[in-house]
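Here is a short set of exercises to work through with the structure open beside you. Try each task before reading its solution.

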Amino acid sequence: MGKNKLSNLLSSTPLYAKLLISALLLAALILILITQLHHWHFGRSPAAPLSAHPAPPPHATPYNPNTTIQFDFSPYVRLYKNGRVERLSGTEIVSAGLDTATGVKSKDVIINSTTGLSARVYLPKLNTSKEEKFPILLYFHGGAFVIESPFSPTYHDYLNVLVSKARVVAVSVNYRRAPEYWLPVAYRDSFKAYKWTVRNSKSGSEKWLYKYGDLNRLFLAGDSAGGNIAHNIMTMYGAKAKGLALLNPYFWGKKPVGMETTDPKERRKLEVTWEFVCNNRYSIDHPLVNPMGSPSVWKRLSSQHVLMTLSELDEFKERGKAYVEGLKKSGWKGEAKMYETKGEGHVYFLYQLKSEKAVKEMAFVASFLNNSS
């Protein structure tokens with residue numbers, strides 16, 4: 001169609017038709033623009049998904065092995081990813097020497113310089129008018145296998161009073177603790193301390209033991225984890241002694257005994273902490289922690305005198321009762337005594353040393369050490 005003909009056609013077209021044609025052309029143009037924009041936006045390569053480049057949360061802390069906790073055993077200890085150990089209690093130390101309140105003397109000795117195994121030795125006030133021989137007490141401190149030492153004020157004060165009341169020569173053992181040294185290191189150290197004590201009571205470099213100690217009256221004792229150690233170096237390692245004093249000892253097991261809690265969370269918590277201190281080497285029903293589950297254990301108990309102290313509110317109380325019951329049922333021929341304190345929790349006597357209840361319990365323990373024949 002020529003240019004003049006198109007002009008003539010448009011000039012002859014009615015106005016309404018011209019408006020309709022203009023509207024259609026405008027609509028077509030808009031459609032073309034929309035199509036092109038869609039192609040520009042969606043036709044290009046898509047950006048990487050957000051998950052491939054995650055942005056840190058507003059308050060995220062970067063991973064740091066120095067501050068990232070691997071195991072939280074509060075209120076006792078924390079182990080960090082880089083191996084750093086943070087003890088939350090039981091780290092204070094007091095010096096050995098003369099305790100003016102009791103007249104008891106103490107000193108620190110090295111048992112094995114290679115491993116650092118050591119002890120604090122105690123001697124009661126002497127009667128200068130006569131030569132005396134005293135029972136020997138080998139003592140193992142508590143602290144869940146991870147805290148405390150013979151040099152802490154808690155145990156130093158307790159041993160000063162016990163040595164004074166019972167009139168014994170005592171060796172308080174500084175065994176190595178988890179998590180730097182997993183179980184059974186504490187047992188091995190404690191057995192070595194036992195052998196050192198026996199050797200020096202016969203003849204050796206430790207004058208207080210061979211001059212004043214009576215090896216025929218050797219007793220093993222400990223509280224909480226220390227009670228567990230005292231039991232095990234006798235039954236699992238073969239230590240021999242006249243008597244065994246277990247003060248609120250730490251034992252546990254998979255199934256509840258007596259009136260123990262049946263709360264699975266509470267039971268699992270204790271199971272997990274045992275797995276921690278032994279680095280998963282022993283199950284919660286291993287004889288080291290659950291002697292009640294292995295009757296043959298009692299056959300290896302050399303002591304003829306056993307003292308079990310219990311505290312009414314202690315979660316381990318039922319295990320202590322089951323221990324004595326199992327011992328008696330095993331055919332063991334010795335004498336077992338139980339002493340229970342009402343209204344008190346686990347090892348209360350360490351922290352309430354001068355309370356009426358603690359004084360009474362101390363007198364009972366001293367009587368056991370003096371009068372077991």
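**Exercise 1. A charge and a ring**

Task: Find which ring arginine 176 lies over, and how far from the ring centre it is.

Solution. Keep in mind that this is a predicted model.
- Arginine 176 lies over the face of tyrosine 181, at 4.8 Å from the ring centre.
- Another such arrangement involves lysine 107: its charged end sits over the ring of tryptophan 208, 4.3 Å from the centre of that ring.

**Exercise 2. Cis peptide bonds**

Task: Look at the loop between S7 and H4, where proline 184 lies, and work out whether the bond from leucine 183 to proline 184 is cis or trans.

Solution.
- Begin with the expectation that most peptide bonds are trans.
- The bond from leucine 183 to proline 184 departs from that pattern: it is cis, with omega near 20 degrees.
- Now step back to alanine 178 and proline 179, which are also joined by a cis peptide bond, here with omega of about 5 degrees.
- Proline 179 belongs to the loop between strand S7 (169–174) and helix H4 (185–202).

**Exercise 3. Reading the sheet**

Task: Trace the order of the strands in the open sheet of eight, then say which strands form its edges.

Solution.
- Going across the sheet, the order is S4-S5-S7-S6-S8-S9-S10-S11, and the pairing is mixed.
- Strand S4 (105–112) and strand S11 (335–341) are the edges, since each pairs on one side only.
- From one strand to the next, the twist averages 20 degrees.
- For a closer look at one pairing, take strand S9 (residues 243–247) and strand S10 (residues 305–311), which run parallel and share five bridges.
- Within this part of the sheet, alanine 245 stands opposite leucine 307 in S10.

**Exercise 4. Helices across the sheet**

Task: Identify the strands that helix H6 lies across, and do likewise for helix H10.

Solution.
- Helix H6 (residues 225–235) lies across strand S6 (134–140), strand S8 (213–223) and S9, and its direction makes an angle of about 135 degrees with S8.
- Helix H10 (residues 356–371) lies across S6, S8, S9, S10 and S11, at about 170 degrees to S10.

**Exercise 5. The annotated serine**

Task: Locate Ser224, listed by UniProt, and decide whether serine 224 is buried or exposed.

Solution.
- The unreviewed UniProt entry lists Ser224 under "active site".
- Serine 224 sits in the loop between S8 and H6.
- Its relative accessible area is 10%. The cut-off for buried is under 20%, so serine 224 counts as buried.
- Leaving aside residues up to four places away in sequence, serine 224 touches Gly142, Leu247, Asn248, Pro249, Tyr250, His346 and Val347.
- Finally, check the backbone. Most residues other than glycine have a negative phi. Serine 224, although not a glycine, has a positive phi of about 55 degrees.
- Phenylalanine 145 also has a positive phi, near 70 degrees. This residue lies in the loop between S6 and H3 and is buried at 2% relative accessibility.

**Exercise 6. Aromatic pairs**

Task: Classify the pair formed by tyrosine 139 and tyrosine 158, then the pair of tryptophan 298 and tyrosine 323.

Solution.
- The model's count comes to 21 aromatic pairs.
- For tyrosine 139 and tyrosine 158, the centres are 6.1 Å apart and the planes 45 degrees apart, and the pair is tilted.
- Tyrosine 139 is in strand S6 and tyrosine 158 in helix H3 (residues 153–166), 19 residues apart, and their pairing links distant parts of the chain.
- Tyrosine 139 is buried at 0% relative accessibility, and tyrosine 158 is buried at 3%.
- For tryptophan 298 and tyrosine 323, the ring centres are 4.7 Å apart and the planes stand at 85 degrees, so this pair is edge-to-face.
- Tryptophan 298 lies in the loop between helix H7 (264–277) and S10, and tyrosine 323 in helix H8 (residues 317–329), so the pair ties together parts 25 residues apart in sequence.
- Tryptophan 298 is buried at 4%, and tyrosine 323 is buried at 0%.
- To finish, pick out one aromatic cluster, formed by Phe145, Tyr187, Phe191, Tyr194, Tyr237, Tyr250, Trp252, Trp274 and Phe316.

Conventions. Residues are numbered from 1 along each chain as its sequence is written. This is a predicted model: local features need pLDDT of at least 70, side-chain atom pairs count only at pLDDT 80 or more; totals for chains, interfaces and linings use all residues. Side-chain values use heavy atoms; hydrogens and water are left out. Two strands pair if DSSP finds at least two bridges between them. Helices (H or I, at least four residues) and strands (E, at least two) are DSSP runs, numbered from the N terminus. Axes are lines fitted to C-alpha atoms, for helices over the stretch in contact, and angles run from 0 to 180 degrees between N-to-C directions. Contact means heavy atoms within 4.5 Å. UniProt positions are given in the numbering used here, feature names are shortened, and annotations may be inferred rather than shown by experiment. Buried means under 20% relative accessible area, exposed over 50%, partly exposed in between (1.4 Å probe, protein chains only). Rings of Phe, Tyr and Trp (its six-membered ring) pair if their centres lie within 6.5 Å; planes under 30 degrees apart count as stacked, over 60 as edge-to-face and the rest as tilted. A charge sits over a ring if NZ of Lys or CZ of Arg is within 6 Å of the ring centre and within 35 degrees of the ring normal.
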